[in-house]
Amino acid sequence: MRRKMVVTIAVMLMLAAMPVGIAIAEPAVPAQYWPPSAPIPQPGQAGCTIFSEVDPTPLSPEAAARYKELEAKTGKPVVRTRPVKEVCFNSFSEYLDYMERENSEASAQEGITSPQSYSLVVMWDGASYSGSWWNYTEPIPCGTVNINEDNLYTHNNQASSASANASYGCTGVELYSDPYLGGSGPWSCSTSCGSLGWMDNDSESFYVH
Ligand SMILES: [Ca+2]
Ligand SMILES: [Ca+2]
């Protein structure tokens with residue numbers, strides 16, 4: 001009788017401990033800060049986030065023609081953006097803490113609850129989502145427009161894998177070998193590309209849709 005009771009208590013304790021074990025094994029990552037289709041960086045893997053703003057500078061006639069063609073082809077207007085701030089982190093958890101703070105501060109200032117920066121595209125230096133990573137944070141989510149990052153500047157000719165964030169309605173990212181969707185392209189990537197083929201280490205602009 002006593003033995004049976006001990007076994008019952010032991011089983012109850014095991015069951016009680018299980019949800020805790022699962023919670024520790026799989027920490028919750030807010031999907032809006034990382035594409036659900038991409039793996040979470042290993043502990044200690046450094047990365048950066050790049051905040052972009054709408055780019056008001058005029059286009060060259062050649063680039064303007066390309067953007068007009070893109071609008072006609074996709075039936076969606078183009079919103080042009082450019083990097084305005086890059087912040088780097090020693091780890092993924094540092095990045096998540098930063099994004100939480102940024103968005104809660106922006107929301108408090110604006111008196112609204114929706115995020116002010118949308119993490120739409122992540123790129124990696126290595127293939128198969130390895131090596132250092134950087135993340136393009138845009139002023140609007142995917143959906144009704146194509147969001148063009150005109151020039152990747154500090155990360156030109158570097159990406160070897162890429163991913164677009166379906167949590168914000170993105171269906172893919174199109175890479176080009178020169179700024180302003182110029183040169184060769186697009187290299188079409190849906191929400192996750194573990195390798196970039198002939199676009200490897202060559203992309204200098206993209207649009208996300
Ligand atoms: Ca690379
Ligand atoms: Ca290039």
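This report describes the confidence, the nonpolar core and some strand pairings of one predicted protein model.

## Confidence in the model

The protein chain has a mean pLDDT of 87, with 80% of its residues at 70 or more. Residues 19–27 stand apart from this picture, since pLDDT stays under 50 there, and for this stretch the model has zero contacts beyond four places in sequence. Where pLDDT is low, the predicted coordinates should not be read in detail.

## The largest nonpolar core

The largest nonpolar core holds 37 residues, and those that touch the most other members are Leu-120, Val-121, Met-123, Ala-162, Val-173, Leu-175 and Val-208. Two or more residues of this core come from each of α3 (92–110), β3 (118–126), β4 (130–138), β6 (161–164), β7 (173–176), β8 (187–189) and β10 (205–208), and β3 gives the most, with six residues. In soluble globular proteins, nonpolar side chains tend to be buried together.

Val-173 offers a way to look at this core in detail: leaving aside residues up to four places away in sequence, Val-173 touches Val-121, Ala-162, Ala-164, Cys-189, Phe-206 and Val-208.

## Strand β10 and its partners

Along β10, Ser-205 and Tyr-207 point one way while Phe-206 and Val-208 point the other way, and all of these residues are buried.

Strand β10 pairs with β7 in the antiparallel sense over four bridges, and within this pairing Val-208 of β10 is the bridge partner of Val-173. Strand β5, which covers residues 146–149, also runs antiparallel to β10 and is joined to β10 by three bridges; here Asn-148 stands opposite Tyr-207 of β10.

Definitions and conventions
Residues are numbered from 1 along each chain as its sequence is written. Chains are lettered from A and ligands numbered from 1 in the order in which they are written. pLDDT is the predictor's confidence in each residue, from 0 to 100. Two residues are in contact if their C-beta atoms, placed from the backbone, lie within 7 Å. A nonpolar core is a set of buried Ala, Val, Leu, Ile, Met, Phe, Trp, Tyr and Cys residues joined through C-beta atoms within 7 Å. A residue is buried if 20 or more other C-beta atoms lie within 10 Å of its own, exposed if 12 or fewer, and partly exposed in between; C-beta atoms are placed from the backbone. Two strands pair if DSSP finds at least two bridges between them.
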